[in-house]
Amino acid sequence: MVALVYSPRYDIRFFGVERFHPFDSRKYGRAWKELRQQFGARLWNHHVPVDRPSTDNDLLQVHSPEYLATIRRPRGLAAALELPFLRHAPGWLLAWRMVRPMRWATRGTVLAAKAALQHGVAVNLSGGYHHAKPDRGEGFCLFSDIALAIRSLRAEGLLRSPQRVAYIDLDAHQGNGVCHEFLHDKEVFIFDMYNSQIYPSYDSEARQRIDCNLPLPYGCVGVEYLRILRNYLPGFLDSLSRDPGIGLGIYNAGTDVFMNDPLGGMRLTAGDILERDLFVIDQFRSRGIPLVMVPSGGYTRQSYQFITATIMELLTMITLPPII
Ligand SMILES: [Zn+2]
């Protein structure tokens with residue numbers, strides 16, 4: 001069974017100014033629309049709605065109160081989102097139009113993690129904010145949805161120590177925020193393949209935290225990328241599968257590895273991205289490990305199509321009873 005977590009509230013609309021950022025802030029709605037067109041009414045059998053946005057109370061599990069106060073102010077928020085002109089926008093408007101969709105997406109990742117435990121594979125159509133740190137937002141990432149998902153499952157007893165979490169980050173950028181969230185947590189194991197020449201290359205503390213560290217050259221092509229992935233991921237999962245085993249896999253499936261992406265600096269084709277995603281998913285499914293997937297970065301207009309291609313393949317491949 002594949003569970004798809006989605007809310008129409010994910011899309012960010014800020015009177016058009018969101019277009020100044022390379023991120024397609026409406027790709028979630030576009031992805032859902034395309035899935036509906038391709039898969040028809042059966043899609044609703046897989047849908048997990050999002051009940052509410054993440055609250056400050058939730059977020060205190062992964063962020064400092066000082067940081068949450070900072071991003072309530074336009075200046076602090078503009079810095080975290082890397083949209084300097086937002087400094088002059090009213091705080092209430094920013095909270096409503098920019099921050100709230102990200103709170104919904106963050107809650108979506110928590111629900112997707114729970115759905116993965118129940119159904120095997122779950123995809124949140126937004127989220128994957130892997131640059132958000134405990135006391136700082138950066139790289140368009142405000143809230144560490146991935147860390148919140150793990151901490152929430154633990155708090156509810158759905159993940160029990162010493163069960164492991166395998167975090168696989170294949171976004172073109174190194175997932176430094178996740179490394180900082182779990183700097184001293186030895187039950188979270190991090191596998192990260194990334195373009196070593198781009199942001200956040202300065203963050204050596206984060207890189208040192210990665211358990212399977214695979215820095216790639218600028219312009220890495222699909223054949224080489226997939227060769228490295230196939231060489232390292234199975235062994236990484238095998239080594240963690242020994243007692244007490246992996247309780248949850250989290251796959252950050254950033255599509256900014258695409259050849260035309262303006263930020264990723266890598267050269268994968270759409271076909272390479274699909275092959276990558278299906279390989280990762282199969283590695284978890286064949287070991288019986290629940291997996292949650294988040295879309296993370298992707299800065300071309302086609303980005304949503306890569307996400308839908310993977311989900312369509314999943315829906316076709318895994319035909320088990322629908323969610324009741
Ligand atoms: Zn990225």
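In which helix is Lys-114 found? Lys-114 is found in helix 5, and this briefing, which concerns a predicted model, starts from that helix before turning to the sheet, the zinc site, the aromatic residues and the nonpolar core. The strands of the model include 8 that form an open sheet with parallel pairing, and a zinc ion has Asp-171, His-173 and Asp-256 as its protein donors.

**Helix 5**

- Helix 5 spans residues 91-119 and supplies 12 residues to the largest nonpolar core, which is the largest share of that core.
- Lys-114 counts as partly exposed because its relative accessibility is 23%, and, leaving aside neighbours within four places in sequence, Lys-114 is in contact with Leu-153, Glu-156 and Leu-158.
- Between Lys-114 and Leu-68, which are 46 residues apart in sequence, the C-alpha to C-alpha separation is 25 Å.
- Gly-91 also lies in helix 5 and is partly exposed, with a relative accessible area of 27%.
- The C-alpha atoms of Gly-91 and Asp-11 are separated by 19 Å, the two residues being 80 residues apart along the chain.

**The sheet**

- The order of the 8 strands in the open sheet is 2-1-3-8-7-4-5-6, and because strand 2 and strand 6 (212-216) stand at the edges with a single partner strand each, one side of each is left without a neighbour in the sheet.
- Strand 1 (residues 2-5) points Val-2 and Leu-4 one way and Ala-3 and Val-5 the other way, and all of these residues are buried.
- Strand 3 (residues 121-124) pairs with strand 1 in the parallel sense over 4 bridges, and within this pairing Ala-122 of strand 3 is the bridge partner of Ala-3.
- Strand 2 (residues 47-48) likewise pairs with strand 1 in the parallel sense, over 2 bridges, with His-47 of strand 2 standing opposite Leu-4.
- Strand 4 and strand 7 run parallel and are joined by 6 bridges, and Val-165 stands opposite Leu-248 in strand 7.

**The zinc site**

- The zinc ion is held in the model by Asp-171 through OD, His-173 through ND1 and Asp-256 through OD, with these donors lying 1.9 to 2.1 Å from the ion.
- Along the chain the donors follow the spacing D-x1-H-x82-D.
- Asp-171 and Asp-256 link distant parts of the chain, 85 residues apart: Asp-171 is in the loop between strand 4 (164-169) and helix 7 (176-181), whereas Asp-256 is in the loop between strand 7 (246-252) and helix 10 (270-285).
- Asp-171 is buried, with a relative accessible area of 1%, and Asp-256 is buried as well, with a relative accessible area of 0%.

**Aromatic residues**

- The whole structure contains 7 aromatic pairs, and one of them, Tyr-6 with Tyr-10, is edge-to-face because the ring planes stand at 85 degrees, with the ring centres 5.7 Å apart.
- Tyr-6 counts as buried at 9% relative accessibility, and Tyr-10 is buried with a relative accessible area of 1%.
- Tyr-10 also pairs with Tyr-28, and this pair is edge-to-face because the planes stand at 90 degrees, with the centres 6.2 Å apart.
- Since Tyr-10 lies in the loop between strand 1 and helix 1 (27-39) and Tyr-28 lies in helix 1, this pair ties together parts that are 18 residues apart in sequence, and both Tyr-10 and Tyr-28 are buried.
- One aromatic cluster is formed by Tyr-6, Tyr-10, Tyr-28, Trp-32 and Trp-44.
- A charge and a ring also meet at Arg-42, whose charged end sits over the ring of Phe-39 at 4.1 Å from the ring centre.

**The nonpolar core**

- The largest nonpolar core has 111 residues, and those with the most contacts inside it are Leu-142, Phe-191, Tyr-225 and Phe-236.
- Nonpolar side chains tend to be buried together in soluble globular proteins.
- Not counting residues up to four places away in sequence, Phe-191 touches a set of residues that includes Tyr-167, Ile-168, Asp-169 and Leu-170, and also Cys-212, Leu-214, Tyr-232 and Phe-236.

Notes:
Residues numbered from 1 in each chain as written. Predicted model: local features only at pLDDT ≥ 70, side-chain atom pairs only at ≥ 80, totals over all residues. Heavy atoms only, no water. Donors = N, O, S within 2.8 Å, 3.2 Å for Na, K, Ca; no water. Buried < 20%, exposed > 50% of the residue type's maximum accessible area, 1.4 Å probe, protein only. Pairing = 2+ DSSP bridges. Phe/Tyr/Trp six-rings, centres within 6.5 Å; stacked < 30°, edge-to-face > 60°. Lys NZ or Arg CZ within 6 Å of the ring centre and 35° of its normal. Core = buried A, V, L, I, M, F, W, Y, C linked by side-chain atoms within 4.5 Å. Contact = heavy atoms within 4.5 Å.
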